[in-house]
Amino acid sequence: MRSQATEARHGTLAVMCDERARILQDQVKVSMNHLQALAILVSTFHHSKSPSAIDQTTFARYMERTAFERPLTSGLAYAARVTHSERELFERQQAWSIRAMNFSSKRPRAEEYAPVIFAQDAYKHVVSIDMLSGAEDRGNLLRARESGKVVLTAPFQLLNKRIGVVLTYAVYKSELPLNATVHDRIQSSIGYLGGVFDIEGHVDKLLEKLAGKEPMTVNIYDTTGESMIRMYGSSNESASGMCHVSTLDFGDPLRKHEMHCRFTQGP
Ligand code: WA2
């Protein structure tokens, strides 16, 4: 039987872990809400105006100035939906060719494309890259436009070599009815707004602010698949000793996440 002291210690750990999980979850939710509002901004000022009232410079400046609304994200990008029959005209208008994810190469013919047309400065290097040509981004785009809700990728290595999670909202033509079917949604989608969660970089700062009397180590995992994917924390989480697991809900029912907390010293 566990001693009363151990019981009390585990209680403390559980309260601290749940608090951190809740704060992290809230910050992700806040970012998502803001992203949803930005999807409407792009729809209103880019797609519903001719000529568009947004260009790369305007987009980058506005996103930079509102970055405080999206804690834990390190950047934002917008990809337009382009069908093959529209490709030639689109490329002429943009004055660049649609590129594949494996970089320098021109994107081979496909039925449709999702080239990034606007990006926050930190992600300028993804402009012109077709987001349907990368497995993780492609999965997100297709799921986002079918559901109309926020979707998340598993953690993966981004083009800048950092590990990140991309969250995506689809942008629709404004006439999409509220009770739209999946087919209607796919047909009416015109673009995809994506935010990059830089978990490594941002969670550190968040946890530092919450540091208590007793140091704690925190690991965050994507537990959707058979093997857990580490999103944050050291790679050798100790297997022994007291551990509390708090579940995280980031708003995408397909993805499961957990936070594992341990006191750094002691059992
Ligand atoms: N953004 C930045 N770097 C990346 C990346 C990405 N995707 N994929 C790989 N490296 C336009 O969800 C839509 C952003 C994709 C959005």
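Two strands are taken to pair if DSSP finds at least two bridges between them. Helices (H or I, at least four residues) and strands (E, at least two) are DSSP runs, numbered from the N terminus. On this basis E9 and E10 form a hairpin with 6 residues between them. The model is a predicted one, in which local features need pLDDT of at least 70, side-chain atom pairs count only at pLDDT 80 or more, and totals for chains, interfaces and linings use all residues. Residue numbers start from 1 along each chain as its sequence is written.

The hairpin belongs to an open sheet of 4 strands in the order E10-E9-E12-E11, with antiparallel pairing. Its edge strands, E10 (229-232) and E11 (244-248), each pair on one side only. Direction ignored, neighbouring strands of the sheet are turned by 30° against each other on average; axes here are lines fitted to C-alpha atoms, for helices over the stretch in contact, and angles run from 0 to 180 degrees between N-to-C directions. In general, strands of a sheet pair through backbone hydrogen bonds, either parallel or antiparallel.

Strand E9 (216-222) is joined to E10 by 3 antiparallel bridges, and Ile220 has Tyr232 in E10 as its bridge partner. Between E9 and E12 there are 7 bridges, again in the antiparallel sense, and Tyr221 stands opposite Glu258 in E12. E9 is mostly covered, with 5 of its 7 residues buried. A residue counts as buried if 20 or more other C-beta atoms lie within 10 Å of its own, as exposed if 12 or fewer do, and as partly exposed in between, with C-beta atoms placed from the backbone. The pairing of E11 with E12 (residues 257-263) is antiparallel over 5 bridges, and Ser246 has Met259 in E12 as its bridge partner.

Helix H1 (residues 4-47) lies across E9, E11 and E12 and runs at about 20° to E11. Helix H6 (residues 199-210) also packs on the sheet, where it touches E9 and E10, and its direction makes about 50° with that of E10.

The largest nonpolar core, a set of buried Ala, Val, Leu, Ile, Met, Phe, Trp, Tyr and Cys residues joined through C-beta atoms within 7 Å, has 58 residues. Those with the most contacts inside this core are Ala77, Ala79, Val116, Leu167, Tyr192 and Leu193. H1 provides the largest share, 9 residues. Neighbours within four places in sequence aside, Ala77 is in contact (C-beta atoms, placed from the backbone, within 7 Å) with Val116, Phe118, Ala119, Tyr123, Val126 and Gly194.

Ala77 is also among the residues that come nearest to the ligand, together with Leu158, Leu159, Thr168 and Gly194, out of 17 around it; a residue is near a molecule if its C-beta atom, placed from the backbone, lies within 6 Å of it. At least two residues of this shell are supplied by each of strand E1 (73-80), helix H4 (135-147), strand E7 (163-172) and strand E8 (189-197). The shell divides into 12 nonpolar, 4 polar and 1 charged residues, where Ala, Val, Leu, Ile, Met, Phe, Trp, Tyr, Cys and Pro count as nonpolar, Asp, Glu, Lys and Arg as charged, and the others, Gly among them, as polar.

Helix H3 (residues 84-94) is hardly covered, the count of buried residues among its 11 residues being 0. Ala95, which follows H3, has a positive phi near 65°. In helix H2 (residues 56-65) lies Thr57, which is exposed because 10 other C-beta atoms lie within 10 Å. Thr57 and Gln120 are 63 residues apart in sequence and 9.0 Å apart in space, C-alpha to C-alpha.

Definitions and conventions: Contact = placed C-beta atoms within 7 Å.
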